[in-house]
Amino acid sequence: MQSTYRLTRYFVSTFILFAGFFAGFTVKAQDGKTLFQTNCASCHQVHKKLTGPALAGVEERWPNKKNLYAWIRNSAAFLKTGDAYANNLYNEYNKVAMTAFPNLTDQEIDAMLAYIKSVPAPGAAAPGGAAVAAAAQEGDNSLLFGVLTLILAVVALTLLQVNSNLKKMADEKEGIVPEKPVSFFRNKSNIAFLSIILFLIGGYYTTKGAMNLGRSTDYQPEQPIYYSHKVHAGINQINCQYCHTGVYQGKQATIPSVNVCMNCHQAINEYKGEKLYSEDGKEIDGTNEIKKLYKYAGFVEGKPWDPSAAKPIEWVRIHNLPDHVYFNHAQHVNAGKVACQTCHGEIQKMGEVKQFSNLSMGWCVNCHRETKVQFKDNGFYSIYEKYHQDLKTGKLDSTRGITVEKIGGTECQKCHY
């Protein structure tokens, strides 16, 4: 009977490991969207060209998947292999080298490719569409393995029971009195084994959940006034820095005061643009939203302006960092020449603003490792005389650039001091 229990314990442990593997596989596939938004979304969309090409069908365009992996990890190095498709792509986009992602694994790249396949084309019906069907087909393998594992589990338990019954019949025939077996869940070694497994699984998910605390990706609160960045920054091309004056010279981007809004809306008191819709599809009356602004500014229809009635708009904060993290907008926007969309997404296309990036430490560090500093002719970095000299003499390749990491951008005290 001891051998039976050893076999049972071995089977249970194997089954748990298989289940953990397939659960991890599913989670990794679901992480494709997060990986895409973190690494790709600032330059690529799935069905639309941005700085780089649209990524729909990217696997079909590359004849060799290993070449695609190599291109994603380091496009500059791969170009030296003379690959015709890569060089044509490089020339098509004005010889702008793609950011290198040397830390991405094959599994992470596959997860992003799976996400790209799952995004339906504009106008296509998401549920039941071909893109969703393709994504569902990719998940069929893991489902099949799971079903096979359950079938094997049933077969193994049946064989164990048959073996136990045969041994019992043989012992009875020979007159051997069988030992009273210890229940599986009363066996101390089994209890200890299961406790360790549950502790590891619980610890993994607890740690993962704790790491995601405070990461408010896609957080999109309702504001006291419906303010459309699509209308202001997109359609009317108002520069971000007209309203967010601090972004160019201070730590905070700053929210504009009511009188900054009234600089324009004192003359514009009626909305005549395209229809506005909230995130849940409800139509917004733009003129009524302007009236709300007037009320905050102290203007009451039919009455003279009363400055004492003016009050600040209580905007709901969206982007927030922990108190122990230092971030300076001017350092990034003024010195680093970082576009607003890099961190905030395509803000010029948003109606109600939402948080685009998770703003985690890993996300920031990866950006510092991969982002090239606009170093040449940038007076802010004049103290780095050696780099400037190397650029002038050609010792340092200007196309490869100098990453933020090379000038100390990954040192702990840069953000924590």
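Biologist: Which residues are linked in a network of salt bridges?
Modeller: This is a predicted model, in which local features need pLDDT of at least 70, side-chain atom pairs count only at pLDDT 80 or more, and totals for chains, interfaces and linings use all residues. Residues are numbered from 1 along each chain as its sequence is written, and side-chain values use heavy atoms, with hydrogens and water left out. With a salt bridge taken as a side-chain nitrogen of Lys or Arg within 4 Å of a carboxyl oxygen of Asp or Glu, the structure holds 11 salt bridges. The network links Glu-59, Lys-65, Asp-110 and Lys-117.

Biologist: At what angle do helix 4 and helix 7 pack?
Modeller: Helices (H or I, at least four residues) and strands (E, at least two) are DSSP runs numbered from the N terminus, and their axes are lines fitted to C-alpha atoms, for helices over the stretch in contact, with angles running from 0 to 180 degrees between N-to-C directions. Helix 4 spans residues 65–73 and helix 7 residues 106–118, with their axes 11 Å apart. Their angle makes the two helices roughly perpendicular, given that under 35 degrees counts as roughly parallel, over 145 as roughly antiparallel, 65 to 115 as roughly perpendicular and the rest as oblique. The packing angle is about 100 degrees.

Biologist: Which residues of helix 7 make the contact with helix 4?
Modeller: Contact means heavy atoms within 4.5 Å, and helix 4 contributes Lys-65, Leu-68, Tyr-69, Ile-72 and Arg-73. By class, this contact has 5 nonpolar, no polar and 4 charged residues, where Ala, Val, Leu, Ile, Met, Phe, Trp, Tyr, Cys and Pro count as nonpolar, Asp, Glu, Lys and Arg as charged, and the others, Gly among them, as polar. From helix 7 come Asp-106, Ile-109, Asp-110 and Leu-113.

Biologist: How far apart are the axes of helix 2 and helix 7?
Modeller: Helix 2, residues 32–39, packs against helix 7 at an angle of about 95 degrees, which makes the two roughly perpendicular. Gly-32, Lys-33, Leu-35 and Phe-36 in helix 2 meet Glu-108, Ala-111, Met-112, Tyr-115 and Ile-116 in helix 7, and these residues divide into 6 nonpolar, 1 polar and 2 charged. The axes lie apart by 7 Å.

Biologist: What is the angle between the ring planes of Phe-36 and Tyr-115?
Modeller: Rings of Phe, Tyr and Trp (its six-membered ring) pair if their centres lie within 6.5 Å, and planes under 30 degrees apart count as stacked, over 60 as edge-to-face and the rest as tilted. Phe-36 and Tyr-115 form a tilted pair, 5.4 Å centre to centre, and because Phe-36 lies in helix 2 and Tyr-115 in helix 7, the pair ties together parts that are 79 residues apart in sequence. Both residues are buried, that is, under 20% relative accessible area, where exposed means over 50% and partly exposed in between (1.4 Å probe, protein chains only). The planes differ by 50 degrees.

Biologist: How many residues apart in sequence are the parts that Asp-218 and Lys-354 tie together?
Modeller: These two form a salt bridge, the closest N and O atoms being 3.8 Å apart. Asp-218 is partly exposed at 37% relative accessible area, and Lys-354 is partly exposed at 30%. Asp-218 lies in the loop between helix 9 (188–211) and helix 10 (229–235), and Lys-354 in the loop between helix 15 (340–344) and helix 16 (361–370), so the separation in sequence is 136 residues.
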